[in-house]
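Visitor: Hey, can you walk me through this one?
Guide: Sure, pull it up and ask away.

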Amino acid sequence: MAGGSDAVESTTLSCAKCGKPAHLQCPKCVELKLPREGAAFCSQDCFKVSWSSHKSVHSKSISSSAPVNPGEQNAASQNDGWLYCLRKGNARSHELPHFDWTGQLRPYPISKRRPIPNQIDQPDWALDGIPKIEPNSDLQYHVEIKAPDQIEKMRETCRIARDVLDAAARVIRPGITTDEIDAVVHEVTISAGGYPSPLNYNFFPKSCCTSVNEVICHGIPDARKLEDGDIVNVDVSVYYKGVHADLNETFFVGNVDESSQRLVQCTYECLEKAIAAVKPGVRFREIGEIINRHASMSGFSVAKSYCGHGIGDLFHCAPNIPHYARNKAVGVMKAGQTFTIEPMINAGVWRDRMWPDGWTDVTADGKRSAQFEHTLLVTFIGT
């Protein structure tokens with residue numbers, strides 16, 4: 001059963017595998033509104049053993065009620081409903097992909113892409129998923145000093161992004177799905193006149209990233225319900241008046257164990273210590289030294305596959321801001337530069353693995369990871 005289970009309302013049902021009293025039900029059967037008989041199981045183990053035969057029930061139901069046109073590709077597949085995401089968002093599947101999962105979490109099906117009103121200003125990847133200006137921009141190689149009008153637009157966009165993240169935080173609780181969090185992010189962003197920057201960026205299928213437990217970053221909102229004791233990072237980015245804002249925070253879901261609380265607290269402290277060092281003349285590589293020092297002293301490791309980045313008219317550009325020690329980032333901070341700092345701190349090893357969806361990056365040992373992020377403007381002291 002992918003990533004968790006839903007409680008069966010009646011305790012009179014029997015496990016489809018062994019006949020014992022059933023306490024769990026296949027979430028796909030619930031989604032397809034199939035009969036509960038034959039879809040109830042006493043444990044994850046029984047479900048896993050039965051999966052190869054049980055999954056055919058889903059395919060038969062889908063094919064009889066909503067046949068898929070074999071010629072449909074990529075974007076058209078988004079109309080197929082709740083499906084598993086594959087190939088960085090370019091493909092969908094009715095079946096859970098095979099993978100050597102590192103932890104307890106599993107992907108769940110995702111909903112179709114949410115629409116954007118025509119009056120919303122959209123980045124150049126909104127329609128076809130391909131950024132066009134960003135990859136070839138000179139700003140990938142030198143750090144822009146923002147003009148006053150750009151800075152003011154970024155302040156306004158960052159305020160919107162803050163409101164969006166706060167709205168997402170208010171709905172986080174056990175039982176809510178990460179897809180429902182994404183719906184809040186989408187609607188609040190649109191209501192403010194903004195575009196959710198991640199939506200269709202290199203085919204990312206959702207309006208925010210929701211990274212649960214062992215997910216380091218870029219988790220895709222799906223049908224899994226958050227469980228008591230989870231931690232979840234919500235990463236929000238907004239495009240408004242031609243500029244982007246980017247921030248994220250990690251939240252507790254219900255009653256979280258003490259070790260997870262220490263991990264999240266340390267990650268927040270890493271960001272705060274890094275922000276305190278930002279001023280003209282500081283080398284970009286110093287940020288990683290500061291973060292790594294605090295994380296390692298607390299018994300944690302720093303993820304190395306992703307880093308902070310420049311931001312403004314472009315979603316991602318120079319400079320790169322690594323979060324680990326002995327990095328090779330070049331350059332020094334200057335007033336008027338804008339970039340993100342977003343440490344990803346792991347409870348275990350720093351190494352990571354990528355899920356079959358091509359986006360969800362998880363810890364190699366299945367232990368938990370936390371992240372916090374802000375968009376920063378370098379100013380002279382007191383300005």
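Guide: One term up front: contact means heavy atoms within 4.5 Å. This is a predicted model, where local features need pLDDT of at least 70, side-chain atom pairs count only at pLDDT 80 or more, and totals for chains, interfaces and linings use all residues. Residues are numbered from 1 along each chain as its sequence is written, and side-chain values use heavy atoms, with hydrogens and water left out.

Visitor: OK, what does histidine 316 touch?
Guide: Leaving aside neighbours within four places in sequence, histidine 316 is in contact with Glu134, Gln140, Tyr201, His309 and Gly310.

Visitor: And where does histidine 316 lie?
Guide: In the loop between β12 (308-310) and β13 (317-321). Strands here are DSSP runs (E, at least two residues), helices are too (H or I, at least four), and both are numbered from the N terminus.

Visitor: Is histidine 316 buried or exposed?
Guide: Neither: histidine 316 is partly exposed, because its relative accessible area is 24%. Buried means under 20%, exposed over 50%, and partly exposed in between (1.4 Å probe, protein chains only).

Visitor: Which residues does the UniProt "binding site" annotation cover?
Guide: In the unreviewed UniProt entry, that annotation covers His218 and His316. UniProt positions are given in the numbering used here, feature names are shortened, and annotations may be inferred rather than shown by experiment.

Visitor: So where is histidine 218?
Guide: Histidine 218 lies in the loop between β8 (215-217) and β9 (231-240). Beyond four places in sequence, its contacts include Phe204, Tyr306 and Trp359.

Visitor: Switching topic, what covers the buried residues of α3?
Guide: The cover includes α4 (178-191), β9, β10 (243-252), β14 (338-341) and β19 (374-377).
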